[in-house]
Amino acid sequence: MKNIAVIGAGTMGNGIAHTFAQSGFKVQLIDVSESALKKGMDTISKNLDRQVAKAVITEADKQNTLNNITTFTDVVSGVEYASLVVEAATENVDLKLKIFKQLDEACPEDTILATNTSSISITQIAAVTSRPKMVIGMHFMNPVPIMKLVEIIRGYNTSNEVTNTIMDLSKALGKVPVEVNDYPGFVANRILMPMINEAIETLYNGVAGVHEIDTVMKLGMAHPMGPLQLADFIGLDVCLSILNVMYEGFKNPKYAPCPLLVNMVRAGKYGIKSGEGFYDYSQSKKAETVSPQFV
C-alpha cells in the first residue's frame, strides 16, 4: 500500500493522517471544509513540533511527514489512487452510510474501505457497498500518534485476506492491532462507556463530586485519568452517541445514558472541545478547575 486516503480532518482524522505520513505513506487528507483542513494540518504541524522538541524525530522527519500529506475538499479526487481509505467522520450512522456509498462508487475496485467508528456496526456500513468483503473497522485510539492500540473489527463478510492485510499494516505503523468481532461498542467502548456512564450516574445521584470520583479511580484503581476527565477528553457528545448505539443494539437498560449526560450535551457542554464539561477548560486544557455546577 502506498496511498492512504483519510476522510475527515478532525481530531481522529488528522491524527490518523499524521501517523500514516510519519511512517512513510502518501496520505490524501480529505474534508469538505477548507478551514477544517487548515486546522487539521496546523494541528499535525504542532504535534510534530512537540516530537522534535522531545528529540523523538528530527526537523527533517517533520518536513518529510508534512510533505507526505496532500489535502482535498473533493472526495472523488482524493480517493482516485487510494489503496486504503480510512473514514474518520463524526460518529453518526447516517453520515457514515452516505460516505461509504460515495466511497464505493468513487474508489478503485481493489481499494479497502475502513472506518474508524468506535461503536457502529461494520456489517451495516459494509451492506451499503458492493464490496462488503473489503470493508473493515480500524478503531484508532486518541491521541493517534501516541496510543499503540488499534481495534481491528471484522464485519460479517470481511475477508480473511483483508483482515490480515490491515493487521499487518497496523503493525507497520508501530501499532498493536487486536482483532475483534462486530458487536455494538466492540471491546473498548463496550467496557469503557458503561464505566464512564456509571461515574456520571454517581455524580448525578450526589454520591460524590467530580474531583472525588476521579481521584478515587486514579489513586484507587491506578487509572491514568479519571472517568469524568476522560469523558471530557473524548467529548461528551461522542460518549452519548456511543451509549445510544449500544442501547439500541442490545436493548439493555444498563447502556441507557445518564440523564445528566444527555442534558449536558443538549446544553452544548461537550468537554475540552467546547471549553466546559465536568471541568472548566476556559483557562487551561488541564482539568484543574471543577465546573461550578458540580462543586
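1. G275 lies in the loop that runs between α12 (259-266) and β9 (279-280). Helices (H or I, at least four residues) and strands (E, at least two) are DSSP runs, numbered from the N terminus. Leaving aside residues up to four places away in sequence, G275 touches D280, Y281 and S282, where contact means heavy atoms within 4.5 Å. G275 is also separated from D232 by 43 residues in sequence and by 9.4 Å in space, C-alpha to C-alpha.

2. On the basis of the values: this is a predicted model, in which local features need pLDDT of at least 70 and side-chain atom pairs count only at pLDDT 80 or more, while totals for chains, interfaces and linings use all residues. Residues are numbered from 1 along each chain as its sequence is written, and side-chain values use heavy atoms, with hydrogens and water left out.

3. The protein chain is divided into domain 1 (3-181) and domain 2 (189-290), with bounds that come from an automatic or database domain assignment. The C-alpha centres of domain 1 and domain 2 are 26 Å apart. Seven residues from domain 1 and five residues from domain 2 take part in the contact.

4. Between them, domain 1 and domain 2 bury about 490 Å², of which 59% is on carbon and sulfur atoms; buried area is the accessible area (1.4 Å probe) that two parts lose on being put together, summed over both. On the side of domain 1, the most area is lost to domain 2 by E91, S118 and S119, together 63% of what that side buries.

5. The polar terms at this interface are as follows. The rule finds zero salt bridges across the interface of domain 1 and domain 2, a salt bridge being a side-chain nitrogen of Lys or Arg within 4 Å of a carboxyl oxygen of Asp or Glu. The side of domain 1 that touches domain 2 comprises two nonpolar, four polar and one charged residue. Here Ala, Val, Leu, Ile, Met, Phe, Trp, Tyr, Cys and Pro count as nonpolar, Asp, Glu, Lys and Arg as charged, and the others, Gly among them, as polar.

6. The structure as a whole holds nine salt bridges. One salt bridge joins the side chains of K38 and D42 (3.1 Å, N to O). Both K38 and D42 belong to helix α2 (residues 34-53), where they are four residues apart, about one turn of the helix.

7. Two backbone features deserve checking. Most residues other than glycine have a negative phi, and most peptide bonds are trans. A55, in the loop between α2 and α3 (59-67), has a positive phi near 65°. N142 and P143 are joined by a cis peptide bond, with omega about 0°; P143 is in the loop between β6 (135-140) and β7 (149-154).
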